[in-house]
2 protein chains.
Amino acid sequence: MKLLFFHYVLIASFSLIWNEVESVNPCCSFPCENGAVCVDDDDTYTCDCTRTGHYGVNCEKPSWSTWFLSFVKPSEQTKHFLLTHFDWFWWIVNNVKFIRDPLMRAAYFSRTDFIPVPHVYTSYHEYPTMEAHYNRTYFARTLPPVPKNCPTPFGVSGKKILPPPEEVANKFLKRGEFKTDHTNTSWLFMFFAQHFTHQFFKTVYHSPAFSWGNHGVDVSHIYGQGRERENKLRTFKDGKLKSQTIKGEQYPPYLKDIDNFKMQYPENTPEEQKFALGHPFYGMLPGLFMYATIWLREHNRICTLLKNEHPYWDDERLYQTGKLIITGELIKIVIEDYVNHLANYNIKLRYDPDLVFSRNYDYDNRIHLEFNHMYHWHPFSPDQFNISGTTYSIEDFMYHPEIVVKHGMSSFVNAMSSGLCGKMSHHNHGQYTLDVAIEVIKHQRELRMQSFNNYRKHFGLEPYKSFEEMTGDAKMAAELEEVYGDVNAVDLYVGFFLEKSLPTSPFGITMIAFGAPYSLRGLLSNPVSSPTYWKPSTFGGEVGFDIVKTASLNKLFCQNIDGDCPLVTFTVPDDIARETRRMLVGNIKDEL
Amino acid sequence: MKLLFFHYVLIASFSLIWNEVESVNPCCSFPCENGAVCVDDDDTYTCDCTRTGHYGVNCEKPSWSTWFLSFVKPSEQTKHFLLTHFDWFWWIVNNVKFIRDPLMRAAYFSRTDFIPVPHVYTSYHEYPTMEAHYNRTYFARTLPPVPKNCPTPFGVSGKKILPPPEEVANKFLKRGEFKTDHTNTSWLFMFFAQHFTHQFFKTVYHSPAFSWGNHGVDVSHIYGQGRERENKLRTFKDGKLKSQTIKGEQYPPYLKDIDNFKMQYPENTPEEQKFALGHPFYGMLPGLFMYATIWLREHNRICTLLKNEHPYWDDERLYQTGKLIITGELIKIVIEDYVNHLANYNIKLRYDPDLVFSRNYDYDNRIHLEFNHMYHWHPFSPDQFNISGTTYSIEDFMYHPEIVVKHGMSSFVNAMSSGLCGKMSHHNHGQYTLDVAIEVIKHQRELRMQSFNNYRKHFGLEPYKSFEEMTGDAKMAAELEEVYGDVNAVDLYVGFFLEKSLPTSPFGITMIAFGAPYSLRGLLSNPVSSPTYWKPSTFGGEVGFDIVKTASLNKLFCQNIDGDCPLVTFTVPDDIARETRRMLVGNIKDEL
């Protein structure tokens, strides 16, 4: 690494005048290894090896205990292989509590330990600050920004000037033919992801380093953020949320029926298409409206149950306890239905907060900018939606929540469970979302985010040595080489989609290694998952606690839809998937 | 406890109609023991014993492990006795690292474990809510409010209608003769307390349940809270804060020299008496202005040192790193000079965050309302101040920060170190602060704070059985009996001052048992005290880290005052104290 740095200085001397070379930050080459902190001192640097388990100028030499640990600890790749093979072994694990529990605990900790607590960096400080902790309007940063005044955007690797985000996106991300996800992920999953994550991914418009959210699963996407907004959605009777009945079904109230309530709808949208929802953007897509509706019904159902249990409780207590139960249910569903679908490990993750009480957990979660960017899963989106025989384009869907009402909840959920998502890979961002990808890449550069390979290192993965190793595709490797010049200088967001995909998951290994720590930490550091909250009394007694402990996606829908329960699944059943693929218009390049 | 409850119902039946009796909350008698949670179910209740280590209807029976632990664990009283006697033993402890470190760790944990993490209650919810965690404008509550609709303000004990706060304050708190503190606490200590704590005790005016602060040691009292206010105090050159030179000394800038900066001064205050300080109230007393000035000088001194170490660092990095060093110094001084003075244990507490890394600490501190109320230490304040021969009444002091400039920093500090504080006991709230005490008692009742004895239980102390046991004074016990009727029904704030005092500390045992957990938790959960921050690179390298690790009150003043260093101490030296007591006007009842 040091060699690399001096190598650069040598080259630079030819092209720059002496003054400019002098001001190059020696930390640009990221000389410190194993998570050590680089401090620049004029023309040299120091690596702070504190608590890295390493020593040496670049903290490259392991201490004896670190050496021994690394010797017995399997690599992230090996772990992933073990977790996705040997079904018989995992069957035993999943069914024998005394084997399962320690493994589950190890799984939790091995993930969440990747996230530094408390976090240290903001997008404007590549060094620790008090701001990072006390100014909660910042998204946290897992890795510090690339130092200022570096020879190249990623430090010393790659080209001096990166190809414009538009060029990169058009070349590598733009959808040609719609490719379907090889693990049969359903639209129900996709909208769950969008609905769930926008409670905490709340980027301040035009200030991508900042968030207006609460940095966690605060259920503000259901109830509204802040007491004032919340109150407008409450009936203040028996803890319930305002609702209305349309065509015999319970739906959120119309916007016009709530004074001074802000929602984002295009001008001239007819009143019967404008609903008042917790999150101001959730009128945007019927899939979001579906989830908003189903959670509203669940909250009101819970309040009725609580009122039966505690006839003397006042509205406030019923409401607040209902909210706690909904939070518990949500986390249970996210871990056991949602995360299990996307990681697809043979060990089935369980929501069992007791397991992590052994170590005092930090309950101050922060949303990291990298997590937010990673979660831009727009390739999931198809170009059109088929609901009970009607085909809707994305444009037909936008700001038409009333489509759910038209078809009825049951039919709509059925369609969502039957629709196939797009494949999470290169050349699969649809025309309506390509701009979002371009914007993310722009933000990453503006906020000096480190390269894809640097992030792989942080999450315990070996950096890729070549574009071919990364993509598994010679042609694309050559194109990438031409655009980026160096495998150590690839935009993080681009890397996620260009990386070869895994047969067992919708994502590549980096996205899984990246996403799981942030997700699990966020879910396990929720107050509900803490020793002071995780007890029957918090949820109004055993009845409420049981609702939380036995929640599932299926129950969420089936207990809140009259009549027969529709198909409720994050994985489109094989026969439907086969049929859908056949029916898709045009030539479908299905990468099964 | 249950008996007590039924006893009440019996009495109540005579005086109330049936409907009203029916609505009495059975949790009013606090039937659940050992920290268990009471849930009311119509006319009965359930105790949730989860993780209390007890079982039984009222969680009154210890499990085997709890029983064994309570058998070997000394009581809080015993611990306090051990910690304040056997000097020779503690001399060894303080000087032998391998004995000291585990004891120090045990001391830290035995204190901080009293604070539930994450906290659960607000002043408006006597049950857990998501609000408690996510709505950071609430002060946290250690114990939930007394349930609504209880027979008496403290549940079932004591009188139905409490004597008015004014009556209580006049009877028990109002100063007659000024009594001096028997441990010789100096004004320098008193103003340190005030200056330090108002960075996080920021009660919203007219809304005593709410805070406008950041819930921790964020040094906003020095730098200003929020980026906008901070920026107005910065020079944006070499990391330094704005300052001016008056009579050859460095002071904060005048208010008139900073555009649009808010400070609280009475109308018509001359411009040369109005300074711009981090905290808007700190122009109120010269003692606060003294600390604001000394920290400003220290910050600018640190920036000069950092600039020498890192000539290429920009203003922002120098400023932010300076702020981190100041935070570290502040915590070091608070633990080693300040807390050691007030607890006066034979084991000298050390700021050694490494010791608590063994258990993952929670870095999300919250300020508890009880902590805020406890910290109303107004009896410390004398009726007048003597500065180099000039006598100032409290009125002369109010909003006259320029008194420091007039006498010069050195003389002023000398006077502060020589002045004796008032005794922290009954009948010692001066005329200017009695109203504050009345207000605190009002707030405690308005927010349904539990009784003094209930809080003693929470902090591991035996509840007092009689007023005589509590006060150690038969006359006062009789008066209290008359006013409150029941030793289980005393206002928390009143209890602190009516309790008999300890010979070794300015406070009674409850205030120490109460204050230490909140303080230590706040200080050890500061980001600076965390594994991700506590390393040389955070403080700009070894030079900065050493400044933090060797900071002391004495250095803080001596390194920032030209010429000979004045007397700098939290304990007035015996000879000066004797002289001061002799000189005090009137009959001094000195309770040495």
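## Buried, bonded, touching

Student: Why is A:Cys421 called buried?

Tutor: Its relative accessible area is 0%. Buried means under 20%, exposed over 50%, and partly exposed in between, with a 1.4 Å probe and protein chains only. The value 0% is under 20%, so A:Cys421 counts as buried. The model is predicted, so local features need pLDDT of at least 70, side-chain atom pairs count only at pLDDT 80 or more, and totals for chains, interfaces and linings use all residues. Residues are numbered from 1 along each chain as its sequence is written, chains are lettered from A and ligands numbered from 1 in the order written, and side-chain values use heavy atoms, leaving out hydrogens and water.

Student: How do you know that A:Cys421 is too far for a bond?

Tutor: The closest cysteine sulfur, in A:Cys565, is 20 Å away. A disulfide is a pair of cysteine sulfur atoms within 2.5 Å. At 20 Å the test fails, so this sulfur is too far for a bond.

Student: How many disulfides does a search of the whole structure find?

Tutor: Over all chains, 10. In chain A they follow the pattern 1-4, 2-8, 3-5, 6-7, 9-10, with bonded cysteines counted along the chain.

Student: What makes B:Cys28 and B:Cys150 a disulfide?

Tutor: Their sulfur atoms are 1.8 Å apart. That is within 2.5 Å, so the pair passes. The angle about the S-S bond is -90°, and the link is left-handed. B:Cys28 lies in the loop between α2 (18–22) and β1 of chain B, and B:Cys150 in the loop between α7 and α8 (165–173), so the pair ties together parts 122 residues apart in sequence. Helices (H or I, at least four residues) and strands (E, at least two) are DSSP runs, numbered from the N terminus.

Student: Are B:Cys28 and B:Cys150 buried or exposed?

Tutor: B:Cys28 has a relative accessible area of 0%. B:Cys150 has 17%. Both values are under 20%, so each is buried.

Student: Why is the disulfide of B:Cys32 and B:Cys47 given a hand, and which one?

Tutor: The torsion about the S-S bond is about -85°, so the link is left-handed. B:Cys32 lies in the loop between α2 and β1 of chain B and B:Cys47 in strand β2 (residues 44–48), so parts 15 residues apart in sequence are tied together. The sulfur atoms are 2.0 Å apart. B:Cys32 and B:Cys47 are both buried.

Student: Why is B:Cys558 called partly exposed?

Tutor: Its relative accessibility is 23%. That falls between the 20% and 50% limits, so the middle label applies. B:Cys565 has 35%, so it is partly exposed too. The sulfur atoms of these two are 1.8 Å apart in a disulfide.

Student: What makes B:Asp40 and A:Arg317 a salt bridge?

Tutor: Their closest N and O atoms are 3.2 Å apart. The rule asks for a side-chain nitrogen of Lys or Arg within 4 Å of a carboxyl oxygen of Asp or Glu. The value 3.2 Å is within 4 Å, so the pair qualifies. Across the interface of chain B and chain A, the rule finds eight salt bridges.

Student: Which residues does B:Arg317 touch?

Tutor: Setting aside residues up to four places away in sequence, B:Arg317 touches A:Asp40 and A:Tyr127. Contact means heavy atoms within 4.5 Å. B:Arg317 is found in helix α13 of chain B. Its relative accessible area is 9%, under 20%, so it is buried.

Student: How many residues of chain B are in contact with chain A?

Tutor: 63 residues of chain B contact 63 residues of chain A. The two chains bury about 5,600 Å² between them, 53% of it on carbon and sulfur atoms. Buried area is the accessible area (1.4 Å probe) that two parts lose on being put together, summed over both.

Student: Why is B:Ser529 called buried?

Tutor: Its relative accessibility is 0%, under 20%, so the label fits. B:Ser529 is found in the loop between α23 (509–524) and α24 (542–549) of chain B. Its side chain reaches the backbone oxygen of B:Leu523 at 2.8 Å. Beyond four places in sequence, its contacts include B:Tyr351, B:Phe357 and B:Tyr363.

Definitions and conventions
Polar contact = N/O pair within 3.5 Å; in protein donor to acceptor, adjacent residues only side chain to side chain.
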